[in-house]
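User: I'm new to reading protein models and would love some help. Could we go through this one together, step by step?

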Amino acid sequence: MMDETINDILKRSDLSVTESRRKILSLFIGNQGALHHGVIEKELGDEMDRVTIYRTLQTFVDKGIIHTIPTNDNTIRY
């Protein structure tokens, strides 16, 4: 069910369904709150590099799938 949801979100946003996009999007769907890059990198760091994570997050923001949340400590949560 979650795989279908992830694929549907990506397709509706005119994005290719890639493994990195699926993995990052599944983290957001599986968590209750906002995530920051460090948490995502810790979860997926062995599977993908930091640049891929940043680019994927920016793509998701650009497409309106996620949004940024600035924090008081100058970090960004998604």
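Analyst: Happy to! Keep in mind that this is a predicted model. A good place to begin is that helices α1 and α2 are roughly perpendicular to each other.

User: At what angle do the axes of α1 and α2 cross?

Analyst: In general, two packed helices are described by the angle and the distance between their axes. Here, α1 covers residues 2-12 and α2 covers residues 19-30, and their axes come within 10 Å. Angles of 65 to 115 degrees count as roughly perpendicular, and the crossing angle is roughly 110°.

User: Is the crossing of α1 past α2 left-handed or right-handed?

Analyst: Handedness tells us which way one helix is turned relative to the other. For α1 passing α2, the crossing is right-handed.

User: Which residues of α2 does α1 meet?

Analyst: On the α1 side, the residues in contact are Met2, Asp3, Thr5, Ile6, Asn7, Ile9 and Leu10. By class, this contact has 6 nonpolar, 3 polar and 3 charged residues. The partners in α2 are Arg21, Arg22, Leu25, Ser26 and Ile29.

User: Which residue forms a salt bridge with Asp8?

Analyst: Side chains of opposite charge can pair when their charged atoms come close. Asp8 lies in helix α1, and its partner sits in that helix too, 4 residues apart, about one turn of the helix. The N to O distance is 3.0 Å, and the partner is Arg12.

User: Is Arg12 buried or exposed?

Analyst: A residue counts as exposed over 50% relative accessible area. Its salt-bridge partner Asp8, at 38%, is partly exposed. Arg12 has 59% relative accessibility, so Arg12 counts as exposed.

User: And is Arg22 buried or exposed?

Analyst: Arg22 forms a salt bridge with Glu19, with the closest N and O atoms 3.9 Å apart. The two are 3 residues apart in helix α2, so about one helical turn separates them. Glu19 is partly exposed at 48%. Buried means under 20%, and because Arg22 is at 17% relative accessibility, Arg22 counts as buried.

User: Which residues are linked in a network of salt bridges?

Analyst: We have just met a pair that belongs to it, Glu19 and Arg22. With Asp3 included, the linked residues are Asp3, Glu19 and Arg22.

User: Which residue forms a salt bridge with Arg50?

Analyst: Arg50 is partly exposed, at 47% relative accessibility. Its partner is also partly exposed, with a relative accessible area of 23%. The closest N and O atoms are 3.2 Å apart, and the partner is Glu41.

User: How many salt bridges does the count come to?

Analyst: The pairs include Asp8 with Arg12, and Arg50 with Glu41. With a cut-off of 4 Å between nitrogen and oxygen, the count comes to 5 salt bridges.

Notes: Residues are numbered from 1 along each chain as its sequence is written. This is a predicted model: local features need pLDDT of at least 70, side-chain atom pairs count only at pLDDT 80 or more; totals for chains, interfaces and linings use all residues. Side-chain values use heavy atoms; hydrogens and water are left out. Axes are lines fitted to C-alpha atoms, for helices over the stretch in contact, and angles run from 0 to 180 degrees between N-to-C directions. Angles under 35 degrees count as roughly parallel, over 145 as roughly antiparallel, 65 to 115 as roughly perpendicular and the rest as oblique. A crossing is left-handed if the near helix is turned anticlockwise from the far one by less than a right angle, and right-handed if clockwise. Contact means heavy atoms within 4.5 Å. Ala, Val, Leu, Ile, Met, Phe, Trp, Tyr, Cys and Pro count as nonpolar, Asp, Glu, Lys and Arg as charged, and the others, Gly among them, as polar. A salt bridge is a side-chain nitrogen of Lys or Arg within 4 Å of a carboxyl oxygen of Asp or Glu. Buried means under 20% relative accessible area, exposed over 50%, partly exposed in between (1.4 Å probe, protein chains only).
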